[in-house]
Amino acid sequence: MKKILICITILMACFPPIVQAQNFNEWFRQKKTQKQYLLQQIAALQVYKGALKKGYKIVDDGLNIISDLKDGEFSLHKDYFNRLRRVSPFVKQYPKIASIGKCYKAIYNIREESDRLAAFSKTFTQKELEAMRATWSKVLNDCDVLITELENICSDNSLEMNDIQRVEQIDKIHSEMEANLAFSSSFSREIHSIKQGRSQAEKDIRVLRSLNGLK
């Protein structure tokens with residue numbers, strides 16, 4: 001009996017260390033597992049951080065590229081419009097420009113001659129003279145508008161037009177100036193014809209009065 005109790009006592013005394021050893025091993029394994037898990041998380045965070053940083057760089061670079069493209073596009077547009085504001089030698093030497101100037105000078109001379117003719121003639125009434133002056137004023141005002149338009153077309157930094165558009169406008173101005181010249185010539189001839197007709201009529205009346213003994 002004593003031997004049995006002694007064996008039981010010995011077994012009970014030995015059992016707790018075995019349990020404690022098992023608990024220690026389990027705790028150690030858990031700690032090791034947690035440590036490995038934490039290391040994996042840290043590694044994952046490092047990868048994520050690197051990817052995130054790379055992503056930011058890609059976005060930043062992309063925005064810079066977009067900005068550069070916009071700046072470049074703006075620069076191209078600016079250069080294009082600057083070119084449109086400069087008049088090429090071809091346009092400045094376009095023959096119809098000189099022709100427009102000649103037409104304008106001819107109109108001015110016709111008007112001056114017509115004014116002198118009407119002013120020194122006694123065949124026109126005051127109302128007729130005023131009507132002539134008003135007509136010439138309208139013609140010359142229209143010519144001045146055309147000349148101003150021509151100057152803008154042929155001057156740098158005035159209008160944004162390409163060479164074709166400038167030439168088309170010059171052709172249009174030339175046609176309108178020629179029309180003004182044609183009208184001026186016709187109007188002047190009409191004034192001269194009226195003057196001659198009235199002068200001749202006055203002569204005829206004087207001859208008839210003289211033939212009939214009338215003063």
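Start with Glu128, which is partly exposed, with a relative accessible area of 25%. The model on screen is a predicted one.

**Glu128 and its partner**

Select Arg198 next: its side chain meets that of Glu128 in a salt bridge of 2.8 Å, N to O. This pair links distant parts of the chain, with Arg198 in helix α5 and Glu128 in helix α4 (residues 126-153), 70 residues apart. Arg198 counts as partly exposed, at 29% relative accessibility. A search of the whole structure finds 5 salt bridges, and the next stops include others of them.

**From α5 to α3**

Stay on helix α5, which covers residues 163-211, and select Asp171 together with Lys96. Their side chains form a salt bridge at 3.3 Å, N to O. Lys96 lies in helix α3 (residues 95-120) and Asp171 in helix α5, so this salt bridge ties together parts that are 75 residues apart in sequence. As for accessibility, Lys96 is partly exposed at 31%, and Asp171 is partly exposed at 23%.

**Along α3**

Now show helix α3 alone. How far apart are its end C-alpha atoms? They are 38 Å apart, which agrees with the 38 Å that 26 residues should span at 1.5 Å a residue.

Colour the buried residues of this helix: Ile97, Ile100, Cys103, Ile107, Ile110, Ser114 and Ala118. An α-helix has 3.6 residues a turn, so residues three or four places apart point the same way. Keep that rule in view while looking down the helix axis.

Then select Arg111, Glu112 and Asp115, which are linked in a network of salt bridges. Within this network, the side chains of Arg111 and Glu112 meet at 3.0 Å, N to O. Arg111 is partly exposed, with 23% relative accessibility, and Glu112 is partly exposed too, with a relative accessible area of 26%.

**Asn180**

Go back to helix α5 and pick Asn180. Is Asn180 buried or exposed? Asn180 counts as buried, because its relative accessibility is 14% and the cut-off for buried is under 20%.

Add Asp142 to the selection: a polar contact of 2.7 Å joins its side chain to that of Asn180. To see what else surrounds Asn180, leave aside its neighbours within four places in sequence; the residues in contact are then Ile107, Val139, Asp142, Cys143 and Leu146. One of these, Ile107, has already appeared among the buried residues of α3.

**Aromatic rings**

The last stop is the aromatic side chains, where the structure holds 3 aromatic pairs. Select Phe90 and Tyr94 to see a tilted pair, with 6.4 Å centre to centre and 45° between the planes. The two residues have separate labels for accessibility: Phe90 is exposed, with a relative accessible area of 52%, whereas Tyr94 counts as buried, at 16%.

Finish by selecting Trp136, Phe183 and Phe187. Ring pairs link these residues into a cluster.

Technical notes: Residues are numbered from 1 along each chain as its sequence is written. This is a predicted model: local features need pLDDT of at least 70, side-chain atom pairs count only at pLDDT 80 or more; totals for chains, interfaces and linings use all residues. Side-chain values use heavy atoms; hydrogens and water are left out. Rings of Phe, Tyr and Trp (its six-membered ring) pair if their centres lie within 6.5 Å; planes under 30 degrees apart count as stacked, over 60 as edge-to-face and the rest as tilted. Buried means under 20% relative accessible area, exposed over 50%, partly exposed in between (1.4 Å probe, protein chains only). Helices (H or I, at least four residues) and strands (E, at least two) are DSSP runs, numbered from the N terminus. A polar contact is a pair of N or O atoms within 3.5 Å; within protein, one must be able to donate a hydrogen and the other to accept it, and residues adjacent in sequence count only if both atoms are side-chain atoms. Contact means heavy atoms within 4.5 Å. A salt bridge is a side-chain nitrogen of Lys or Arg within 4 Å of a carboxyl oxygen of Asp or Glu. The expected span of a helix is 1.5 Å times one less than its number of residues.
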